[in-house]
Amino acid sequence: MRHPDLPFFPPRQGCTHELCGAGAFTFAFVLAARLGGDVLWVREAWDRVQINPNGVARFFDPSHMTICNTSDQKETLAIAEEGLRSGAVSLVVMTLGKPLGLTEGRRLQLAARDGKGLGLAIIPEAMGSNAAQTRWRCSPVFTAEDSTLQKWELIKNKSGTLGVWHVRWDAASHRLIVVSPAGK
Amino acid sequence: MFDGMPRRIVSLWFPRLASDRVLRQHPTDAPFALTLKQNNLNRIYCLNREAMRQGLHRGMPYSDARAFCPDLKSHPAEPRKDRDFLHVLRRWATRYCPWVGVEGEDGLVLDVTGSVHLFGGEDAMIADVRHRMVRAGLSVQAGVGDTRGAAWALARYGEGLAPPGDMLAALKALPVSALRLSDEMSVALQRLGLRRIEDLAKAPRAPLTRRFGPDLLLRLDQALGAQPEGITPLADPPHYGVRMTLPDPIGLLPDVMQGVERLLTKLCAKLKAQDAGARVLCVTLRRVDQDCQQVELRLARPLRDPHRILPMFERGLAEIDAGFGIDQLRLEATRVEPLPAQQVSHVTTRDKGRLDDLITRLGTRIGLENIHRFLPADSHIPERSFLIAPAAYSAPESGWDFNQPRPVCLFSPEPVAGTGPYPPERFRWRRMSLTTGRATGPERIAPEWWLEDENWRSGVRDYWRVETVQGRRLWLFYTPQNPGWFVHGEFA
């Protein structure tokens, strides 16, 4: 059930994808809303950014979210791999701070393939791994008339072309709306 | 012809159970008392012999007791531990007979019919009890009689043995309160001149029943044996431990798993019989060189399904060093929670179980306390409008309020330069210079004065949703009582 105007969304199941940019959380929440089911969110315990479930509720029910606090990136990857392999959750999101080696990236891909899950690694800009299936850069965009507009750039794709889309989330109908960038 | 064996009951009374229990650990000869706070007043709950000799008594306010006896040592009472201790004594008393019940807060009652001769007669048995209790540091008073009531009376009001047969002869000199009567009733009887059991037994029954109700004569008849009275023996609490000893040591992981599976099957049958589920399981593996290794498994939900529990042991067991081999396996459910049978519904709960199993497996790696879920909370304060609860010890709840637009992430407030009650046109935040494109607000949120919160000392906050031309949509607030601008969160 792909969006006609957004050919690579939702990203392919059974793979791990990468996200960067200021709107990465929004992408993850929209994807979780689209996939349904439970979400495993793996973060390091020192991370000061606290997800606010009252804001997340505009996308999906926060009671479907399980948060894991880990001590370092190695543990984050181990937890994410275990979660992806189990197939018990539809989406595993991990926030990473350090660059990912090819071995670790490949292990995540294999785990996602075994569990038929979907993994999302939120990475700092320009720290992607070659093993990722796709990589998205998401950033919020200011417009005079709309206050939820996002720009999603597909900056790496192993099985297709790249692209840029402007989207916004309609909280009332729980739908993603692709906006043609006006005046560009 | 043999016409049965006369029933014999032993009643044991521990007059200073609570203080003796504490003094076993901290022995002292000085006056000692346990205090319990009742109705906002510390009262003496239990005291030792020395304190009693100095004129203190139970129920006395602690401050008065200190005035009477300045060198009084005291300790807070723990009635729950005393109750547990009494149950330990009950279990110990089954060495004399299998039929042991608990009598009130500080007594035991034993039906020793037919087991007396094993200890060489009643006198020898009571002497043995007394000897062991003195060695354990407990004071005890024992009474033996044909009925529970008689034994109770003798234990508390004139220690001794009533010879089988005539209970009235043994009890007649005791006061009426020895009949387990309420205080008001025994005082009322004494006012009528019925001071001893003998007087009561001689008095006409009908007027007594009319005056005091049926309880009085029931107690009398129970003590004298005219009315039967049973003893309820307490069952031992179920023990959730199983073990297996092997003729030859094993060392391979599949073999150990097979062993654990057999133990799990037995343990889960026990759990099922008690309608319980294991929360924490512990496998102890004893090696041939007498070394013991333990694997603990903490489950995210109480479980008693061996097929679900077994795979979760795999990670822990794989780390075990078998050495020269393992020859004994012991599996114990160290924490057990009630798990009643549930109705199987048409809505499949398989996925729910899979998530719980995943949480258990992740918990073995990072600890169950590091896995959280969000629960809604009733507060307007953004940080307190949700709770972070351990996923293993909470159930998901719904009821999220999304009428107000709220940011998707929050951080601790970061100051930005700005003056006045309207958002600044330009500001720097995290080394980015941002220009305000549109500002929506203010939304005033007042601190909850009934809760002390360090972060809300600066007073009320006016929250603004600021959309910057650069794209970031931030949640800023202004504190009018303590002027300053802060960034508190970010919108989607």
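This is a short exchange on two sheets, a chain contact and a pocket in a predicted model.

Author: In this predicted model, local features need pLDDT of at least 70 and side-chain atom pairs count only at pLDDT 80 or more, while totals for chains, interfaces and linings use all residues. Residues are numbered from 1 along each chain as its sequence is written, chains are lettered from A and ligands numbered from 1 in the order in which they are written, and side-chain values use heavy atoms, without hydrogens and water.

Reader: What makes strand 10 of chain A and strand 14 of chain B edge strands?

Author: Strands are DSSP runs of E, at least two residues; helices are runs of H or I, at least four, and both are numbered from the N terminus. Two strands pair if DSSP finds at least two bridges between them. An open sheet of 11 strands runs in the order 10(A)-9(A)-8(A)-7(A)-1(A)-6(A)-5(A)-2(A)-4(A)-13(B)-14(B). Strand 10 (175-179) of chain A and strand 14 (386-390) of chain B each have a single partner strand, so one side of each lacks a neighbour in the sheet.

Reader: How do you know that strand 13 and strand 14 of chain B pair?

Author: The cut-off is at least two bridges. Strand 13 (residues 371-376) and strand 14 of chain B share 5 bridges, in the antiparallel sense. They therefore count as paired. B:His372 stands opposite B:Pro390 in strand 14 of chain B.

Reader: Which strands of chain A does helix 4 touch?

Author: Helix 4 (residues 102-115) of chain A touches strand 1 and strand 5 of chain A. Contact means heavy atoms within 4.5 Å.

Reader: How many residues make the contact between the chains?

Author: Chain A gives 47 residues and chain B 44 residues. The two chains bury about 3,900 Å², 59% of it on carbon and sulfur atoms. Buried area is the accessible area (1.4 Å probe) that two parts lose on being put together, summed over both. In chain A, A:Asn54, A:Glu82 and A:Phe142 lose the most area to chain B.

Reader: Why is the space of about 760 Å³ called a pocket?

Author: A pocket is an open set of points on a 1 Å grid over the protein atoms alone, where a 1.4 Å probe fits, with protein on both sides within 12 Å along at least five of seven lines; lining residues have an atom within 4 Å of a point. The largest pocket has a volume of about 760 Å³, the space filled by probe spheres set on the points, which are joined across faces, edges and corners. Among the residues closest to its centre are A:Gly21 and A:Phe25.

Note on methods. Axes fitted to C-alpha atoms, helices over the stretch in contact; angles between N-to-C directions.
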